[in-house]
Amino acid sequence: MARVVVDVMPKQEILDPQGKAVTGALARLGFEGLSVRQGKRFEIEVAGEVTEAVLAQIRSAAEKLLANTVIEDFTVYAAPAPEQGRTPQQAAALQQSAPQQTAPRPATTPRPVPTQGTAPQPRPVQQAPRPGTGGQQQ
Amino acid sequence: MIPRIGVVTFPGSLDDSDALRAVELAGLKPVPLWHGTDSVQGVDAVILPGGFSYGDYLRCGAIARFSPVMSEIIKRADAGMPLLGICNGFQILCEAHLLPGALTRNAGRTFVCTEQRLRVESIDTVWTNTYTPGQEITIVLKSGEGNYVADEETLRRIEGENQVVFRYVGNPNGSARDIAGVTNERGNVVGLMPHPEHNVEDLTGNTDGKPFFTSVQAFLARALG
């Protein structure tokens, strides 16, 4: 099953009390200098491949239901392929590249353009690679 | 003929019985409506009550807005039928784009439950025509996501078009321009966060919410003849 991800975030100009609460809690726990905005992530399984038509359908669903565009922006993109979908070569390459994942990468990985995302987009920085979602996609 | 006022019950509605009772106390005929039907039984007006429809899943009112009964209600409201959204009902009306803006989490991050002072800004609506402009009233407010937001252009437009119906006296939740309730261009659809249906008897506070019901009664008396 292919998956499409919809990220929904409160618009920059909209107050985000949940993000503020989390930011405050992190500071109390000693995580200094972090500022959080909190959104939602939808993972949608689709039959067959993630074509442009499928992405268009899901963008329409996001516009209609998943996000309220008065207060939220959304991004639609194909999820990285699952582990079992990889060729042995890809899997081997992933294992080799895995240790490099812990090396610092630019903290400013650009976010996909809100609401108009089209092609599969890179995920934002992940500190530790989760199995099957490794950096080969980047 | 006594006007018939429908009150929709969604899964998770809480104040439907109070709304039905307030309708009856005002001498109107209450008609319970179920969210899962596509008929509004020929009612003359509809109230969407407070509560937590569909558990507030996704966003407050986002799923209720697509309930079967809503397509008929939206169609009739577009044709001029009086429609009032109270609290969760207001959130549903914003999600349905029948009213401008959106309701977000209270700026203070806490649920607010209080007897709230309000100023009547517009009596040019089906639901507020028996108030007087500038009148101050006290109505129960109880909500966690009552923070009204809209972009600057929308705020300017609704203020210019007299679509702000109530403002808070002492902003309890961070709402833009102290807005507590708004109406559409036509004045037949009104939404507000406070609960007029809880303020219709002296026994439980005051009767400052009663004019909502006498207003729609006056309007329908003229409209239905």
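This is a short walk through the sheets of chains A and B and the contact between the two chains, in a predicted model.

I will start with chain A. Its strands form an open sheet of 3, in the order β2-β1-β3, and the pairing is antiparallel. At the edges stand β2, residues 40-46, and β3, residues 72-78, each of which pairs on one side only. The average turn between neighbouring strands of this sheet is 20°, ignoring direction.

Now the pairing of β1 with β2 in chain A. Strand β1(A) covers residues 2-10, and 7 bridges connect it to β2(A), the two running antiparallel. If you want a place to look, take V8(A), which has K40(A) of β2(A) opposite it.

Then there is a helix to add to this sheet. Helix α2 of chain A, residues 52-66, lies across β1, β2 and β3 of that chain. Relative to β1(A), helix α2 runs at about 35°.

Next, chain B. Here we have an open sheet of 9 strands with mixed pairing. The order is β2-β1-β3-β4-β11-β10-β9-β6-β7. Which strands stand at the edges of this one? They are β2(B), residues 29-34, and β7(B), residues 136-143; each has a single partner strand, so one side of each has no neighbour in the sheet. From one strand to the next, the twist averages 25°.

I will go through the β7 end of that order, starting from the edge. Strand β6(B), residues 112-120, pairs with β7(B) over 8 bridges in the antiparallel sense. Within that pairing, Q116(B) sits opposite I139(B) of β7(B).

Strand β6(B) is also joined to β9(B), by 3 bridges, and again the sense is antiparallel. For this pair, look at V120(B), with F166(B) of β9(B) opposite.

One step further in, β9(B), residues 164-168, meets β10(B), residues 179-183, through 3 bridges, and these strands run antiparallel. V164(B) has V182(B) as its bridge partner in β10(B).

Last, the contact between the chains. How many residues of each chain take part? On chain A there are 9, and they are in contact with 11 residues of chain B. Of the elements on the chain A side, helix α1, residues 17-28, gives the most, with 3 residues. By residue type, that side of chain A has 7 nonpolar and 2 polar residues, and no charged ones.

To recap the two sheets: the one in chain A has 3 strands with antiparallel pairing, and the one in chain B has 9 with mixed pairing.

Technical notes
Residues numbered from 1 in each chain as written. Chains lettered and ligands numbered in written order. Predicted model: local features only at pLDDT ≥ 70, side-chain atom pairs only at ≥ 80, totals over all residues. Contact = placed C-beta atoms within 7 Å. Helix = DSSP H or I, 4+ residues; strand = E, 2+ residues; numbered from the N terminus. Nonpolar A, V, L, I, M, F, W, Y, C, P; charged D, E, K, R; others polar. Pairing = 2+ DSSP bridges. Axes fitted to C-alpha atoms, helices over the stretch in contact; angles between N-to-C directions.
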